[in-house]
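Work through the exercises below with the model open. Try each task before reading its solution.

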Amino acid sequence: MAKNRKSSKSIAELKKEAQIIFNFWIRQRDKGLPCISCGKVKELQAGHFFAVKGFDGLRFDEDNVNGECVHCNCFDESHLIGYSENLEKKLGKTAFENLKKRAKEYKRNIGFKWNREELEKIKKKYK
């Protein structure tokens, strides 16, 4: 019966589950590090450099998501200035440029949609 329930979940439900698991993984990966945007050592959330709203295809990209304090992630409109500078230092110039290239490619591929198989793989990988 549980197997049937698993297969009957909507893409939105699977995406939400995958996001919870992935965000927890990001917080564990970056635990003890300063906020990627402001540099202060605080409790971290999983903050996206390229926002999920406009770049859904990068929502589970490890380079795109980093530990960010609540203030910067939710309330600071200029947080991407510090995020950009610190992300390039963290990733290195080549990886940072590759992330920006993936964002441009995503914007060109209008109509990208997550599928069940991809979301299940993400859940399994980051669990």
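**Exercise 1. Overall size**

What radius of gyration does the protein have, and what would a compact globule with 127 residues have?

Solution. This is a predicted model: local features need pLDDT of at least 70, side-chain atom pairs count only at pLDDT 80 or more, and totals for chains, interfaces and linings use all residues. Residues are numbered from 1 along each chain as its sequence is written, and side-chain values use heavy atoms, without hydrogens and water.

Step 1. Take the rule: 2.2 Å times the number of residues to the power 0.38, with the radius taken over C-alpha atoms.
Step 2. For 127 residues, a compact globule comes out near 14 Å.
Step 3. The protein has 15 Å, which agrees.
Step 4. Add the box: along the principal axes, the C-alpha atoms fill roughly 50 × 35 × 25 Å.

**Exercise 2. Helices and strands**

Find the order of the secondary structure elements, then examine strand β1.

Solution.
Step 1. Use DSSP runs, numbered from the N terminus: helices (H or I) need at least four residues, strands (E) at least two.
Step 2. The protein has six helices and two strands. Their order along the sequence is α-α-β-β-α-α-α-α.
Step 3. Pair the strands; DSSP must find at least two bridges between them. Five bridges join β1 to β2 (residues 65–69), and the two run antiparallel. G47 stands opposite N66 in β2.
Step 4. Check burial: buried is under 20% relative accessible area, exposed over 50%, partly exposed in between (1.4 Å probe, protein chains only). In β1 (residues 44–48), four of the five residues are buried, so the rest of the structure largely encloses this strand. Across the protein, buried residues make up 35% of the 127.

**Exercise 3. Aromatic rings**

How many aromatic pairs are there? Describe the pair of W25 and Y126.

Solution.
Step 1. Apply the rule: rings of Phe, Tyr and Trp (its six-membered ring) pair if their centres lie within 6.5 Å; planes under 30 degrees apart are stacked, over 60 edge-to-face, the rest tilted.
Step 2. The count is 10 aromatic pairs.
Step 3. W25 and Y126 pair edge-to-face, at 5.0 Å centre to centre and 70° between the planes.
Step 4. Locate them: W25 lies in helix α2 (residues 11–29) and Y126 in helix α6 (residues 116–126), 101 residues apart.
Step 5. Compare exposure: W25 is partly exposed at 27% relative accessible area, while Y126 is buried at 7%.
Step 6. Look for a cluster: ring pairs link F49, F50, F55, Y83, F96 and Y106.
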